[in-house]
Amino acid sequence: MSNSTSDKLKAGVNKAKGEVKDQIGNATNNRSLQAEGKKDKAKGAVQDKIADVKDRH
């Protein structure tokens with residue numbers, strides 16, 4: 001598996017995990033869990049961009 005593919009996979013996992021945490025935090029009015037979910041989604045977005053850059057080079 002190439003580095004960019006691995007990065008894309010990690011990005012997808014972090015985005016999905018973040019979305020689940022964000023939604024559960026929403027449903028339970030848990031602001032801490034919501035914040036953690038948003039952080040995970042942001043981390044996934046950054047990993048996605050890194051993978052895109054690696055693909056171009």
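This short presentation describes a predicted model of one protein chain and its two helices, α1 and α2.

Let me begin with the conventions. The model is predicted, so local features need pLDDT of at least 70 and side-chain atom pairs count only at pLDDT 80 or more, while totals for chains, interfaces and linings use all residues. Residues are numbered from 1 along each chain as its sequence is written, and side-chain values use heavy atoms, with hydrogens and water left out.

I turn to the helices. Helix α1 covers residues 3–28 and helix α2 covers residues 31–56; helices here are DSSP runs of H or I with at least four residues, and strands are E runs of at least two, numbered from the N terminus. Two packed helices are described by the angle between their axes and the distance between the axes. In this model, the axes of α1 and α2 come within 7 Å and cross at roughly 160 degrees. The axes are lines fitted to C-alpha atoms over the stretch in contact, and angles run from 0 to 180 degrees between N-to-C directions. The two helices are therefore roughly antiparallel to each other, a term for angles over 145 degrees. The residues of their contact divide into six nonpolar, 10 polar and 17 charged; Asp, Glu, Lys and Arg count as charged, Ala, Val, Leu, Ile, Met, Phe, Trp, Tyr, Cys and Pro as nonpolar, and the others, Gly among them, as polar.

Next, the loop. N29 lies between α1 and α2. Although N29 is not a glycine, it has a positive phi of about 55 degrees. N29 is exposed, with a relative accessible area of 61%; exposed means over 50%, buried under 20% and partly exposed in between, with a 1.4 Å probe and protein chains only.

Two residues of helix α2 deserve a closer look. D48 belongs to α2 and counts as buried at 19% relative accessibility. Leaving aside residues up to four places away in sequence, D48 touches K8, A11 and K15, where contact means heavy atoms within 4.5 Å. L33 is also placed in α2, and is partly exposed at 22%. With the sequence neighbours up to four places away again set aside, L33 touches K21, D22, I24 and G25. From L33 to K49 there are 16 residues in sequence and 25 Å in space, C-alpha to C-alpha.

Finally, the record. An unreviewed UniProt entry lists residues 7–56 as "domain: CsbD-like"; such annotations may be inferred rather than shown by experiment. Over residues 7–56, the chain is 96% helix and 0% strand, with the end C-alpha atoms 14 Å apart.

Note on methods. Angles under 35 degrees count as roughly parallel, over 145 as roughly antiparallel, 65 to 115 as roughly perpendicular and the rest as oblique.
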